[in-house]
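Trainee: I would like to go through the strands and the helices that pack on them. Please put the structure up and we can start.

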Amino acid sequence: MSAHPKRPVIGITTPNKRFHVAYFFIKFSVWLCGGKALPLRTLEGVESKKVDGLVLGGGTDIFPGLFQSDPKQHYFYDHQRDEMEIAWLRKAEREKIPVFAICRGAQLVNVINKGTLHLDASVAYDNFVYPEGLLHKIFYRKLIRIKQNSQFYKLVSTDRLCVNSMHMQSIDKVGDNLEISAQEDNGVVQAIERPTQPFYLGVQFHPEFLIYRSSMRNLFKQLVKVASRPTQFSG
């Protein structure tokens, strides 16, 4: 018998290009917490590939037509990625695979569960004033308040956290069977979850860039822990 337990395979969705900085941070976070990362870039192999857990990563805006809103003018929407991630999320739901959705991923989870998005959170909310530029967004911190007794709260062991801010869209109407588990003081939704599943969590911030914190590692550790359990899917 092997002295080292087999690492569960965690599929990570990412744009269809070789280098994407967030993917490498998520990959490292998964490895650090006991999992083995598998990049998911195309529709090819969705039905044949086996993963034990799924991470929906960040990236460009979701096509607004998916939630009956008008698209932005002169914006490039990645329809292939939308289609690929929807297929993986549907598979995860059918096969009871744990889901961890980050930024764009959390928005997609909400939309696929019949929720909607604000296309511009700075218009939808007062006091939405965050920095411009990638480095400023990475290092900026804002306070979020976490709903006690939520799964998110149990994992981070606190009712408030300071997180990064790298988004302009945000969750509006919450999807079916989902609950808000964290918000900013101005009302912006920062975490959603499905409490009836062992791990089905979406966060608007980027925990992979905060992996030096134990609270952020706990999110990835729980994903890997649930992914290590025998699947409930019976075929």
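Trainee: How many bridges join strand E3 to E4?

Mentor: This is a predicted model. Strand E3, residues 53-56, runs parallel to E4. In that pairing, the bridge partner of Val55 is Phe100 in E4. The number of bridges that join E3 to E4 is three.

Trainee: Which residues of strand E4 are buried on the side of Phe100?

Mentor: In a regular strand, side chains alternate between the two faces of the sheet. Strand E4 spans residues 99-102 and is covered on both faces, with Val99 and Ala101 buried on one side. The buried residues on the other side are Phe100 and Ile102.

Trainee: Which strands stand at the edges of the sheet?

Mentor: The sheet is open, has nine strands with mixed pairing, and follows the order E2-E1-E3-E4-E11-E10-E9-E6-E7. An edge strand here has a single partner strand, so one of its sides is left without a neighbour in the sheet. The strands in that position are E2 (36-40) and E7 (160-163).

Trainee: What is the average twist from one strand to the next?

Mentor: The value is an average taken from each strand to the next. It comes to 25°.

Trainee: Which residue in E2 does Gly11 stand opposite?

Mentor: Strand E1, residues 9-13, runs parallel to E2, and five bridges join them. The residue in E2 opposite Gly11 is Leu38.

Trainee: What angle does the direction of helix H3 make with that of E4?

Mentor: Helix H3 (residues 104-112) packs on the sheet and touches E3, E4, strand E10 (189-193) and strand E11 (200-203). H3 is mostly covered, with nine of its nine residues buried; Arg104 and Gln107 are among them. The direction of H3 makes an angle with that of E4 of about 115°.

Trainee: What angle does the direction of H7 make with that of E4?

Mentor: H7 also packs on the sheet, where its contacts are E1, E3, E4, E7 and E11. Its direction and that of E4 make an angle of about 145°.

Trainee: Why is H1 called roughly perpendicular to H7?

Mentor: The axes of helix H1 (residues 21-32) and helix H7 (residues 214-227) come within 9 Å. Angles of 65 to 115 degrees count as roughly perpendicular. H1 is therefore roughly perpendicular to H7, as their axes cross at roughly 65°.

Trainee: Which residues in H7 do those of H1 meet?

Mentor: H1 passes H7 in a right-handed crossing. From H1, the residues in contact are Ile26, Ser29, Val30 and Leu32. By class, the contact has five nonpolar, one polar and one charged residues. On the H7 side, the residues met are Arg217, Phe220 and Val224.

Methods: Residues are numbered from 1 along each chain as its sequence is written. This is a predicted model: local features need pLDDT of at least 70, side-chain atom pairs count only at pLDDT 80 or more; totals for chains, interfaces and linings use all residues. Side-chain values use heavy atoms; hydrogens and water are left out. Axes are lines fitted to C-alpha atoms, for helices over the stretch in contact, and angles run from 0 to 180 degrees between N-to-C directions. Helices (H or I, at least four residues) and strands (E, at least two) are DSSP runs, numbered from the N terminus. Angles under 35 degrees count as roughly parallel, over 145 as roughly antiparallel, 65 to 115 as roughly perpendicular and the rest as oblique. A crossing is left-handed if the near helix is turned anticlockwise from the far one by less than a right angle, and right-handed if clockwise. Contact means heavy atoms within 4.5 Å. Ala, Val, Leu, Ile, Met, Phe, Trp, Tyr, Cys and Pro count as nonpolar, Asp, Glu, Lys and Arg as charged, and the others, Gly among them, as polar. Buried means under 20% relative accessible area, exposed over 50%, partly exposed in between (1.4 Å probe, protein chains only). Two strands pair if DSSP finds at least two bridges between them.
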